[in-house]
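Here is a brief report on one model. It takes a single helix first, then the build of a whole chain.

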Amino acid sequence: MSGDKPKGAVEVIHPPNKIKARVGPAGKGMDPNLLARAEAAAAKAQENVDFTVQANPELAKAAEEVSLLLSDRENQTKHLNNLFNIVHDLRGGGGNFGYPLVTRIGGMLCRYLEGRSSVGMVEVEVLRSLVDAMRAVVSNKLKGDGGPVGQELCASLERLVG
Amino acid sequence: MMGYRLDRLTVLVVDDNQHMRSLVRTILESLGVSQIVEARDGAHALEKMGQTQIDLLIIDWNMEPMDGLSLTRHLRTSAESPDQFVPVIMLSGHTERARVMQARDAGVTEFMAKPVSARSLYARIVSIIENPRPFVRTKDYFGPDRRRQMLPFDGPDRRKASDGGEAAAKPGQPLTGAQQAALTRTKDTIKSMQKS
């Protein structure tokens, strides 16, 4: 390992490239055949997962958290965090398992929550619409771009959250 | 052309979602990685690292009790870290610039926004092999040099840090006419979906 002399308060260290040493010097860049194989395997694995099994109970929890924002105002910050975390996870999984609309709407919700530590009735109504929209997408199994209905839903939500 | 011998790597996949772990495992196996260790959260990952020499971590952000950020910070700065220099790829649903910066400041090597794809994961592994970053120690930070920009994705979600956020955070602001119309339209669409 090599370390440059500290310049002011900054020390730069060049650790040995252990990974390179392990995988050998033969490769360069991505191997297109290997990539194609990995993409095919990933697509097959994604098809075998029914995202709705995970999403339905999580969205029910999200809806409950939205309700608690007004009925349990004392703990609103906690409920906002819970809501964010639930939707964040769904947003991550939706795109991978056939429901990019969940990712898109979940992204809107997460962005809407960014920087908000408290909400009033107006915001709760917006949040409820976003959660209801995700529930409608999942219960109608609106995969892919969701067709005209899915697109209409996203367009109106985007106008709503700006 | 002979490629990298990825079969020689031991990769630790840390995610509380079993489907996501399984997907990452499938991609890694297809790329030739044969030694894959799984953990369900940060604390579990540290336990696994105590048992096996890990070459690369692929970690989720949101996990309990120890999330991906805390795990990365522990790896970089704790006296009990099993390997301060181990490469960390953070996989996350977060795409906001501020969040990416937060991951960078915790010491992740590469950031990757979900949805995960074989191409993006492979690209990051190759980048770690071919373009290792020096480590930097300052009063407040220890980890990979942060001067190389981490670009998480190019999708439609991308937004500037100045969009929304704090400026839009005053509670109780009434909706504009256009927003009210959009809310009504949204509710009508959801209602029609529930009927069908």
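## A helix and its neighbours

This is a predicted model. In chain B, the buried residues of α2(B) pack against three elements: β1 (10-14), β2 (35-39) and α3 (68-77) of chain B.

Which residues of α2 are buried? Helix α2 of chain B covers residues 42-51, and its buried residues are B:G42, B:A45, B:L46 and B:M49. They lie on the same side of α2(B), because they cover an arc of only 100° around the axis. The face of α2(B) turned away from that buried side carries exposed residues. These are B:E47, B:G50 and B:Q51.

So much for the helix. Now to chain A.

## Chain A as a whole

Chain A holds 7 helices and 2 strands. In what pattern do they follow along the sequence? Chain A reads β-β-α-α-α-α-α-α-α.

The table gathers overall values for chain A.

| Property of chain A | Value |
|---|---|
| Radius of gyration | 22 Å |
| Span of the C-alpha trace along the principal axes | about 60 × 45 × 25 Å |
| Residues that count as buried | 42% of 162 residues |
| Contacts joining residues at least 24 apart, among contacts between residues at least 6 apart in sequence | 61% |

How does the radius of gyration of chain A stand beside that of a compact globule, and what would such a globule of 162 residues have? The globule would have a radius of gyration near 15 Å, but chain A has 22 Å.

Note on methods. Residues numbered from 1 in each chain as written. Chains lettered and ligands numbered in written order. Predicted model: local features only at pLDDT ≥ 70, side-chain atom pairs only at ≥ 80, totals over all residues. Buried ≥ 20, exposed ≤ 12 C-beta atoms within 10 Å, placed from the backbone. Helix = DSSP H or I, 4+ residues; strand = E, 2+ residues; numbered from the N terminus. Arc of directions from axis to C-beta. Contact = placed C-beta atoms within 7 Å. Rg over C-alpha atoms; globule rule 2.2 N^0.38 Å.
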